[in-house]
Amino acid sequence: MEQIKTFFNYHKALMQRLHSSGFSELNKANKLKELTTLCSQLLNIDSVAIWSMSDCGDSMNRELCYESQHGHHHRPYRLERAEHLVYFKALEAADILFTHNAYQDPRTCSLRNSYLNDNSAMSAMLDVPVYDSNRLYGVLCLESHVERYWSLTDVACATVFADTISLINTHEAWLNSRKELDYITSFDDFTGLYNQSSLRYRIQQLMDQKPQSEFALLWFDIDRLNAINNGMGGQVGDAVISEIAVRLRGMVLSGKDMVARVGGDEFAMLYHLPKQKDQMHEVIDTIMHTIHQPIHLGTQDLQISTSVGIALYPSDTDDLSTLIRCSESAMYQAKADGRRQAQYFNQKKSATAKASFLMKNQLIEAIAHGDLSVVYQPVMSGNAQDIVSCEALVRWQHHHLGFLSPGEFLPLAYDAGLIADIDFWVLEQVCKDIKLSRARGIIMPSVAVNLSADALIDPLLADKIWDLLEKYQVLGSQIELEMIEDAIKDDSSQLQQTLDKLVCLGIKLSIDDFGTGYSSLLRLKNLPFTKLKVDRSFIEHLPQNADDCAITLSILGMAAGLGITVVAEGVENAAQEQWLQQQGCNYLQGFKYHKPMKFEDLLRALKTT
Ligand code: C2E
Ligand code: CA
Ligand code: CA
């Protein structure tokens, strides 16, 4: 009964210490110091130490020791399993090892000539296991210089101390793993910069500050990283990303706050606005200059550029998500305006810039994935009875927007330098279809394909078309190429050569949208065109509009003089048709006869005429 009472008193003393103010704030080492001291004082023990087992279990190391005579010390001591096999086994086998005389106890007598003598002739020992989560961590070791018969209170009390130390170990491990988790959730693994969620957190912190701080969010995107990845390999792309990260982190600027990696090749920087706002220009110049230094990769120097969008708090918005969106769309605007520049957010410009930038990227994918398609619009004979040829027109089946007409995406394609690729893609599709129709026993009339100025300046154009004709076994005479006047306005010898080569392949050339652009009759005379298409705008108001009648008549007369045939585009009604027929127009094209149609529908239409 007496022993139980004593134990409860000791237990109470321990709990009071544990729950006293300040204990939880101590670091682990200091907590252990307090516990070993208290244990020694309560139980009147000469020495209380904590030993830890090595990971592989082949040794134990003294970590910390409290001696009633000398206080704490950290003199390291190491016990090898190989030298104290019996002792180690006993420790592992028995939950608690206690002996009143360690010199004589067979489990501990191997310590006699080393440890016990080295440590002021320790005599009695009480070892209680200490855990770290569910792993044996080591022992709490109570020692006495003189023989001591350990009481139940001693054992119970030592066990409670050991358990408390186990709990502290486990709590520490939990704290560490939480720190790791914090790291994973706050940082970008690849660059070591903060990630987007840290950035958002920081922005919110700055927004909540009183007095209000003014800052800029700069959003960086590396230009054409895709092209670098595709052309030079992903490793080069990675090297570019890490170099940009190093440069952004390394920049010494007085108002710089957080730098984060917010996407594959996107970074962000928070910058406290200077008192004099116009100084911000210098800051941006410095940033752009630093980023745009060439990147040395092995023996080569890589010239890279970035587009930067800047949004200001609070003048652009006082909302976190909107601020991010603003800086992003300013970045898209910088890209749309030619890349390698920084732009401030501008409400009006940004919305369209982002949309067109995204469309461009989608268009690149559409060309690669075959989301484009070709439709055919028949061209009728002058008496409107027969299909004499047809025109191939490109379409884009956009996954959100549905079918897009050329007017909706070709301007983008021109901008992005993709138009020649599209023309070529259409040409190949046409060759495939011609081959397919032949296989089905249907003779397709010649097909007119639209060619842009970009395609026309390619000096290899004729060779490429020749390869295509070969590949699909298509005769040149089955293809016509339409180009607008502006595409041939340059009178270089190279253009002349290209056109001549095409004609040599048997391909017929025609001028599209005639009457809308720059053209001279003389020029037409010197180039190998055999057909021209009167632009729809002149046909539209026939026969009511006298000017349009006069223009069309003069085109027809002039063409006849040059031996060139004429197609009227956009014929929609009988009045137009009748007038054109009366003037002797050679061919008619328009919704009155057929709208552009799918290949299969064209084959059906061909069968029935
Ligand atoms: P375009 O070469 O003048 O093609 C004729 C356009 O007029 C087509 O529009 C056609 O659908 C439309 N059209 C034909 N008949 C009528 C009619 O009776 N009434 C009206 N209102 N419209 C009619 P689409 O397909 O939208 O093509 C527009 C322009 O896009 C084409 O004008 C051409 O300049 C360009 N385009 C189309 N496909 C290609 C291509 O593969 N490459 C290039 N470079 N340009 C293309
Ligand atoms: Ca055309
Ligand atoms: Ca046209």
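**Calcium, ligand 3**

I started with the calcium ion (ligand 3), which is coordinated by Asp-512 (OD), Asp-513 (OD) and Glu-569, the last listed with two OE donors, at 2.1 to 2.6 Å. Note to self: this is a predicted model. I wrote down the donor spacing along the chain as D-D-x55-E. Next I checked where the donors sit: Asp-513 is in strand S20, while Glu-569 is in the loop between strand S22 (565-568) and helix H20 (574-582). That pair is 56 residues apart and links distant parts of the chain.

**Calcium, ligand 2**

Then I went to the other ion I had on my list, the calcium ion (ligand 2). Its donors are Glu-391 (OE), Asn-450 (OD1), Glu-482 (OE) and Asp-512 (OD), at 2.1 to 2.3 Å. Here the spacing reads E-x58-N-x31-E-x29-D. I placed two of these donors on the fold: Glu-391 belongs to strand S16 and Asp-512 to strand S20, so the pair ties together parts that are 121 residues apart in sequence.

Which residue bridges the two calcium ions? I found Asp-512 doing this, with ligand 2 and ligand 3 lying 3.9 Å apart.

**Ligand 1**

I moved on to ligand 1 and counted 21 residues around it. Asp-423, Asp-512, Arg-536, Glu-572 and Phe-591 come nearest. So Asp-512 turns up again in my notes, since I already had it as a donor to both calcium ions.

I looked up three polar contacts. An oxygen atom of ligand 1 is 3.1 Å from a polar side-chain atom of Glu-391, a residue I had already logged as a donor to the calcium ion (ligand 2). Another entry pairs an oxygen atom of ligand 1 with a side-chain N or O atom of Asp-513, at 3.2 Å; Asp-513 also coordinates the calcium ion (ligand 3). For Val-394 I noted a backbone N or O atom 3.2 Å from a nitrogen atom of the ligand.

How much of ligand 1 does the protein cover? I get 83% of the 790 Å² of accessible area that the ligand has on its own. I also checked its location, and ligand 1 sits in the largest pocket.

Elements giving two or more residues to the shell are strand S16 (387-398), helix H12 (406-415), helix H13 (419-439) and strand S20 (508-514). S16 gives the most, with 4 residues. By type, I split the shell into 8 nonpolar, 5 polar and 8 charged residues.

**Backbone oddities**

Last, I went through the backbone. I found a cis peptide bond from Tyr-313 to Pro-314, with omega near 0°. Pro-314 is in the loop between strand S13 (306-313) and helix H10 (320-336).

I have another cis bond from Leu-542 to Pro-543, with omega near -5°. I placed Pro-543 in the loop between helix H18 (536-539) and helix H19 (546-562).

I also flagged Ala-384, which has a positive phi of about 65° although it is not a glycine. Ala-384 falls in the loop between strand S15 (372-381) and S16. I had met S16 before, as the strand that gives the most to the shell around ligand 1.

Methods
Residues are numbered from 1 along each chain as its sequence is written. Chains are lettered from A and ligands numbered from 1 in the order in which they are written. This is a predicted model: local features need pLDDT of at least 70, side-chain atom pairs count only at pLDDT 80 or more; totals for chains, interfaces and linings use all residues. Side-chain values use heavy atoms; hydrogens and water are left out. A residue is near a molecule or strand if one of its heavy atoms lies within 4 Å of it. A polar contact is a pair of N or O atoms within 3.5 Å; within protein, one must be able to donate a hydrogen and the other to accept it, and residues adjacent in sequence count only if both atoms are side-chain atoms. Accessible areas come from the Shrake-Rupley method with a 1.4 Å probe; for residues, only the protein chains shown count as cover. On a 1 Å grid over the protein atoms alone, a cavity is a set of points where a 1.4 Å probe fits but cannot get out, and a pocket is an open set with protein on both sides within 12 Å along at least five of seven lines; lining residues have an atom within 4 Å of a point. A molecule sits in a cavity or pocket if more than half of its atoms lie within 2 Å of its grid points. Ala, Val, Leu, Ile, Met, Phe, Trp, Tyr, Cys and Pro count as nonpolar, Asp, Glu, Lys and Arg as charged, and the others, Gly among them, as polar. Donors are N, O and S atoms within 2.8 Å of the metal (3.2 Å for Na, K and Ca); water is not among the atoms, so sites may look incomplete.
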